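Hello,

I am passing a structure on to you, and I hope you enjoy exploring it. Please open it first, and then read my notes beside it.

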Amino acid sequence: TVKSFLGPDPESNGWCRQNWALWESLKKDQRGGFPKSKLMLAFGWALDEELDGTMGTREEARAINDAAEAAAVGTPHFYEMNPEEARENRRKAYVHSDKRETFSIPGRGEHDVWHPIRFAKWTPSEEKWPDGPRGIYLLFHGGGWVFGDACGQNDVRLEEMSEELGLVVLVPDYSKAPEHPYPAAVNECELAAIWVEENAEKEFGERAAKMMIIGGESAGGNLCAAVLLRRRDAWRGPRPEWYKKGWVTPRGVEGWPVTEIGERLGGGYEHKMPWKLANLVYGIYDVAGTPSVAAFGERRLVETARDVQWFGDCYCPDKEMRKLPDVSPLRGDFRGMPPAMFTIGMEDALADDTFLMHKKWVEFGNGVSLDVWPEGPHGVGHFGVHATSKLGMACRKKLHHKIDLFIKHEPEIPGRWKDTSRGGVIRYF
């Protein structure tokens, strides 16, 4: 039970005020809080936290979390570290893939990127995929905008993903804060996306170019969402006056066709971007902080509330600029986005970020799914203590399964509740 989980906070975002009536209607306990399960049901999400045998038990997952918290006692917090020294120490633990290739693209002054951008690349084998790659996955890595690299950080996992799904996996490096604060990273990530858009067919083949997927993990999720907002606007061209005023217009307005689901929900628009799917994994979507960050407090499970705040201070020291959707995508207008898959653990300080961004995708009539993993901390299925636990492997397996279905054009039936992970809660629209 948590007190401020998605609670009304006058100093936070507009969504808190919008959901005031919902918050007030919920029955609280004596401390003014309520179970997260009731919260999820109140927001209309399916809830089934039963675990199957492949995921282990909740007790096993909790024991791993407890051991991680105990091991963190007495160790430096992120905000106590020297960034460059911490980067070098983290790199000592990297495992490098023999199948990884690298290449660089030149900077472009018009995008305020004046140096080359290096990519890590994994290509699926011809033995398993004789017809060539089925698609391209452009991933922005995590690390709080301060840590992380394209090479070494996620090599083993991304090599497996490339081979299993038949994808060319591309990961660009980007400049790190605090030495290079906003907008350096998002400028470079957008340029990486533009390069893929312009060169996909020539570099990776016609088949791969028809299935372009974009994704981000943690801070990379923030960058991915910000890049999608930028690319949506670039592909749209100038916004019509009715769009700026928020009007819902008849179907067929030139360049801005309204989708059927958009008409029902009040303003979703068909996207024109070449990106067919977004994979957003435990991202931070409001740099000013959501209530679940504050509620997490000083709990030493991956990162504390103060750690999250420090990462935000490094990336965007100007607190006024944090109100911009380019910095905090949760504050943006998500009309005309590709379908998205969201993944989050219930023991993640950034849980609200994903819940609210998922809600944004729904409100603007975009296709969306959400996986919520009980006992999963930040990084579940990808890094940290639950990267290779039973829970973590089940999370990753489910994610790959969903991407595979999407590539095969066999997604779950829209408009239905369906929980196929028996541990992750999924809603399809």
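Below is what I found in it, from the overall layout down to single residues.

Please keep in mind that this is a predicted model. The protein chain has 429 residues, and buried ones make up 58% of them. It holds 15 helices and 8 strands. If you take the contacts with a separation of 6 or more, 75% of them join residues that are 24 or more positions apart.

**The nonpolar cores**

Which residues touch the most other members of the largest nonpolar core? They are Tyr315 and Trp361, in a core of 96 residues. Helix α7 (residues 184–204) gives the most to this core, namely 10 residues. Apart from it there is another core of 7 residues, including Trp373, Val380, Ala394 and Cys395.

Trp361 is a good residue to click on. Once you set aside its neighbours within four places in sequence, its contacts include Leu228, Leu280, Phe334, Met337 and Pro338. Also among them are Phe342, Asn366, Gly367 and Val368.

**Rings that pair up**

The count of aromatic pairs comes to 13. In one of these pairs, the ring centres of Phe147 and Phe311 are 6.1 Å apart and the planes stand at 90°, so the pair is edge-to-face. Phe147 is in the loop between β3 (135–140) and α6 (155–165), while Phe311 is in helix α13 (residues 305–315), so the pair ties together parts that are 164 residues apart in sequence. Are these two residues buried or exposed? Phe147 and Phe311 are both buried.

Trp361 comes back here, since it forms an edge-to-face pair with Phe342, with 5.5 Å from centre to centre and 75° between the planes. Phe342 belongs to strand β7 (residues 340–347) and Trp361 to helix α14 (residues 351–363), so this pair ties together parts that are 19 residues apart in sequence. Both Phe342 and Trp361 are buried.

You can also look for a cluster: ring pairs link Phe78, Phe147, Trp310 and Phe311.

**Charges over rings**

Rings meet charged side chains as well. The charged end of Lys176 sits over the ring of Tyr174, at 4.1 Å from its centre. Arg306 lies over the face of Tyr79, and here the distance to the ring centre is 4.0 Å.

**The largest pocket**

How many residues line the largest pocket? There are 44 of them, and Phe78, Arg90, Val302, Phe383 and Gly384 lie nearest its centre. You have met Phe78 already, as one of the residues in the ring cluster. The volume of this pocket is about 1,200 Å³. Helices α4 (58–72), α6 and α13 each supply at least two residues of its lining, and α6 gives the most, with 4 residues.

**One loop residue**

Last, have a look at Phe364, which you will find in the loop between α14 and β8 (368–377). Why does Phe364 count as buried? Its relative accessibility is 15%, and buried means under 20%, so Phe364 falls on the buried side. In sequence, Phe364 and Arg335 are 29 residues apart, yet in space they are 5.3 Å apart, C-alpha to C-alpha.

Happy exploring, and do write back with any questions.

Best wishes

Notes: Residues numbered from 1 in each chain as written. Predicted model: local features only at pLDDT ≥ 70, side-chain atom pairs only at ≥ 80, totals over all residues. Heavy atoms only, no water. Core = buried A, V, L, I, M, F, W, Y, C linked by side-chain atoms within 4.5 Å. Buried < 20%, exposed > 50% of the residue type's maximum accessible area, 1.4 Å probe, protein only. Contact = heavy atoms within 4.5 Å. Phe/Tyr/Trp six-rings, centres within 6.5 Å; stacked < 30°, edge-to-face > 60°. Lys NZ or Arg CZ within 6 Å of the ring centre and 35° of its normal. 1 Å grid on protein atoms, 1.4 Å probe; cavity = no way out; pocket = protein on both sides within 12 Å on 5 of 7 lines; lining within 4 Å. Points joined across faces, edges and corners; volume = space filled by probe spheres on them.
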